[in-house]
Amino acid sequence: MAVNLFQLFKASLMEPKKQAAVRILTIGKILQYVFLFVLLMTLVSFVELAFGLGDVTNNMDGLLQYIEEIKWLLYPFALVFLFVTTTIYHFVKISFFAFVALGILNFKKRRGEYRHVWRTAALSVTLPTLISFAASFFTTSFWITAAASLLTVVYLYLAIGYYPKMPSAQKKNA
């Protein structure tokens, strides 16, 4: 199954069947997708930080002078720190939703392992993350975060519906 990163992105937005199918992809392809997604989010956040920093410091003369003196050090450190923290946050979020998906897997009596649902969760968090990321530029609300988390669970529920069913108990005993 040769899949490029754009196809993974497209599948992560609207195709639960393909989200379920990524369970058979190599972990390297999924990690490549996750790191690229995190990098793009980090770059957008960094640009917002770089342009927003001037607005914040205009009201504080001493801070503005200090930032002008260390700007060469501040921006590279901020970019690396932002990338590392965003990566950690995103991986923890994917891992949490993979545990939720294990519960859904057992509830729906489907076959799968944590590694399978982790790959599916990596795609299922994409659209909700983009929605909450875009909303964060306008407002910060608990309800937006809660709605994004609920949307992730719905995506996982739909995707797990395409996982293979568990064999029945009669077939196991025979």
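How are α1 and α6 oriented to each other, roughly parallel or roughly perpendicular? The legends below take that up first and then move on to other close-ups of this predicted model.

**Figure 1. Helix α1 meets helix α6.** Here we look at α1, spanning residues 5-14, and α6, spanning residues 126-136. Their axes lie 7 Å apart and make an angle of about 80°. Angles of 65 to 115 degrees count as roughly perpendicular, and α1 and α6 are therefore roughly perpendicular to each other. On the α1 side, look for Phe 9, Ser 12 and Leu 13; their partners in α6 are Thr 126, Leu 127 and Leu 130. Sorted by class, this contact has 4 nonpolar residues, 2 polar ones and no charged ones.

**Figure 2. The largest nonpolar core.** This core has 26 residues. Those with the most contacts inside it are Leu 8, Ile 30, Val 34, Ile 94, Val 117, Trp 118 and Ile 160. Five helices each supply at least two of its residues: α1, α3 (27-57), α4 (61-107), α5 (114-124) and α7 (142-160). The largest share, 7 residues, comes from α4. As background, nonpolar side chains tend to be buried together in soluble globular proteins.

**Figure 3. Val 117 and its neighbours.** Zooming in on one of the core residues with the most contacts, we can ask which residues Val 117 touches. Leaving aside residues up to four places away in sequence, they are Ala 98, Ala 101, Leu 102, Leu 105, Ile 160 and Tyr 163. Ile 160 is also among the core residues with the most contacts.

**Figure 4. His 90, a residue of helix α4.** Is His 90 buried or exposed? Its relative accessible area is 1%, so His 90 is buried, the cut-off for that label being under 20%. Around His 90 you will find Val 34, Phe 37, Val 38, Val 125 and Thr 129, all of which His 90 touches, not counting residues up to four places away in sequence. Val 34 appears in the list for Figure 2 as well, as one of the core residues with the most contacts.

**Figure 5. Helix α5 packs against helix α7.** The axes of these two helices are 9 Å apart, at an angle of about 130°. That angle makes α5 oblique to α7, and their crossing is right-handed. From α5, the contact is made by Val 117, Thr 120, Ala 121 and Ser 124. From α7 come Thr 152, Tyr 155, Leu 156, Ala 159 and Ile 160. By class, the α5 and α7 contact has 6 nonpolar residues, 3 polar ones and no charged ones.

Terms used
Residues are numbered from 1 along each chain as its sequence is written. This is a predicted model: local features need pLDDT of at least 70, side-chain atom pairs count only at pLDDT 80 or more; totals for chains, interfaces and linings use all residues. Side-chain values use heavy atoms; hydrogens and water are left out. Axes are lines fitted to C-alpha atoms, for helices over the stretch in contact, and angles run from 0 to 180 degrees between N-to-C directions. Helices (H or I, at least four residues) and strands (E, at least two) are DSSP runs, numbered from the N terminus. Angles under 35 degrees count as roughly parallel, over 145 as roughly antiparallel, 65 to 115 as roughly perpendicular and the rest as oblique. Contact means heavy atoms within 4.5 Å. Ala, Val, Leu, Ile, Met, Phe, Trp, Tyr, Cys and Pro count as nonpolar, Asp, Glu, Lys and Arg as charged, and the others, Gly among them, as polar. A nonpolar core is a set of buried Ala, Val, Leu, Ile, Met, Phe, Trp, Tyr and Cys residues joined through side-chain atoms within 4.5 Å. Buried means under 20% relative accessible area, exposed over 50%, partly exposed in between (1.4 Å probe, protein chains only). A crossing is left-handed if the near helix is turned anticlockwise from the far one by less than a right angle, and right-handed if clockwise.
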